[in-house]
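Me: Please take a close look at one part of this chain, a loop and the packing around it. Then carry the view outward to the rest of the fold.

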Amino acid sequence: MNNQLLDYLAQRGRALADCTQADADTWYAGGYTARRLTHSFLRWAMQSKHMPTVTIPHRSTANPAPITQHQRLSLLRQLVNHDDIPLQDRVAALLVLLHVQPLTRITRLSSDDVQHEGGKVLVRVGDPPSPVPAPFDGMLLDYLGQRPNTKTATNPDARWLFPGRRAGQPMTPEAMAPRLRRLGFPTRPGRTAAIRQLALQAPASVLARTLGHNDDHTTRLAEEAGGTWKRYAPGDHAR
């Protein structure tokens, strides 16, 4: 993990001796639970004068409580109605709240993962691709023609859905997370709320394939949500 921290700083054009408070905050924002393993290394580096003094964030590593379905629907309405929110952030929040994707996967999507076929918009996050309902389908198509960081001489052919500032590289989860957090869009609580709601509408195994999720994890969330699909016996229930 310490090597990953050094690689992260290098990607930002910094050495350990140049690490700033903003660098530290963004590093932990991308995954506090795993990255708290670098606490000891950073303390040693500061005590040894290998880097400037920064404040290491501390917070509980317990999973945050999911938001309610009412809160989730309210956030989805904001994505449609608030044109003052950058379209890039609205699309990212859409993929969290509607398609249950973590930032680590959202930032690896390409523009080819958005499909427009037969008048329908699909996003390829699993197998088969997931349909994008209106009015979010139009928002996603609009965004394809407005993706940032594609007008520079070094990045004109970027295929990433969320191109980064570095040529040929996507935006990092560390850069996306604080943008959504500042706008009030929770990531993990929002994803958990979304998958619990979807688990009431379809079997966990189907959801896992469509969303590209782990089957066991989806099944556990379905059980927490009170899903009944697992209790249905196989066979024809139409009679």
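**From a loop to the core**

Reply: Lys49 sits in the loop between helix 4 and helix 5. The model is predicted. The backbone at Lys49 deserves a look: phi is near 65°, a positive value in a residue that is not glycine. Is Lys49 buried or exposed? Lys49 counts as exposed, because its relative accessibility is 72% and the cut-off for exposed is over 50%.

Step back to the helix before that loop. Helix 4 covers residues 39–47, and Leu42 is part of it. Leu42 counts as buried because its relative accessibility is 3%, and buried means under 20%. So the helix holds a buried Leu42, whereas Lys49 in the loop is exposed.

What does Leu42 touch? Leaving out residues up to four places away in sequence, the partners of Leu42 are Leu5, Tyr28, Met51 and Ile56. Pro52 gives a distance along this stretch: it is 10 residues from Leu42 along the chain, and the two C-alpha atoms are 9.9 Å apart.

Leu5 leads on to the N-terminal pair of helices. Helix 1 spans residues 2–11 and helix 2 spans residues 21–29; they pack at about 125°, with axes 11 Å apart. That angle makes helix 1 oblique to helix 2. Their crossing is right-handed. Helix 1 brings Gln4, Leu5, Tyr8 and Leu9 to the contact, and helix 2 brings Ala22, Asp23, Thr26 and Trp27. By class, that is five nonpolar, two polar and one charged residues. Leu5 therefore serves in two places: it is among the helix 1 residues that meet helix 2, and it is among the residues that Leu42 touches.

Now compare Lys49 with another positive phi. Val100 is not a glycine either, and its phi is about 55°. Where is Val100? It lies in the loop between helix 6 and helix 7. Is Val100 buried or exposed? Val100 is buried, since its relative accessible area is 1%. Lys49, by contrast, is exposed at 72%.

The helix ahead of Val100 is helix 6, and it is enclosed. How many of its residues are buried? The count is 11 of the 11, so helix 6 is largely enclosed by the rest of the structure. Among the buried residues are Leu87, Asp89, Ala92 and Leu97. What covers them? The buried residues of helix 6 pack against helix 5 (69–81), helix 7 (103–106), strand 2 (120–123), helix 8 (136–144), helix 9 (173–182) and helix 10 (188–198).

Arg90 is a charged residue inside this helix. Helix 6 runs over residues 87–97. Arg90 counts as buried because its relative accessibility is 8%. Setting aside neighbours within four places in sequence, Arg90 is in contact with Leu79, Val80, His82, Asp83, Ile85 and Met139.

Met139 points to the pairing with helix 8. The axes of helix 6 and helix 8 come within 10 Å and cross at roughly 130°. The two helices are therefore oblique to each other. The crossing is left-handed. From helix 6, the contact uses Leu87, Gln88, Arg90, Val91 and Leu94; from helix 8, it uses Phe136, Met139, Leu140, Asp142 and Tyr143. By class, this contact has seven nonpolar, one polar and two charged residues.

Two backbone features fall ahead of helix 8. A cis peptide bond joins Asp127 and Pro128, with omega about 5°. Pro128 lies in the loop between strand 2 and strand 3 (130–131). The peptide bond from Ala134 to Pro135 is also cis, with omega near 0°. Pro135 belongs to the loop between strand 3 and helix 8.

Last, the whole chain. It has 12 helices and three strands. Of its 239 residues, 42% count as buried. Among contacts with a separation of 6 or more, 59% come from residues 24 or more positions apart. The exposed area is about 13200 Å², and carbon and sulfur atoms supply 51% of it.

Terms used
Residues are numbered from 1 along each chain as its sequence is written. This is a predicted model: local features need pLDDT of at least 70, side-chain atom pairs count only at pLDDT 80 or more; totals for chains, interfaces and linings use all residues. Side-chain values use heavy atoms; hydrogens and water are left out. Helices (H or I, at least four residues) and strands (E, at least two) are DSSP runs, numbered from the N terminus. Buried means under 20% relative accessible area, exposed over 50%, partly exposed in between (1.4 Å probe, protein chains only). Contact means heavy atoms within 4.5 Å. Accessible areas come from the Shrake-Rupley method with a 1.4 Å probe; for residues, only the protein chains shown count as cover. Axes are lines fitted to C-alpha atoms, for helices over the stretch in contact, and angles run from 0 to 180 degrees between N-to-C directions. Angles under 35 degrees count as roughly parallel, over 145 as roughly antiparallel, 65 to 115 as roughly perpendicular and the rest as oblique. A crossing is left-handed if the near helix is turned anticlockwise from the far one by less than a right angle, and right-handed if clockwise.
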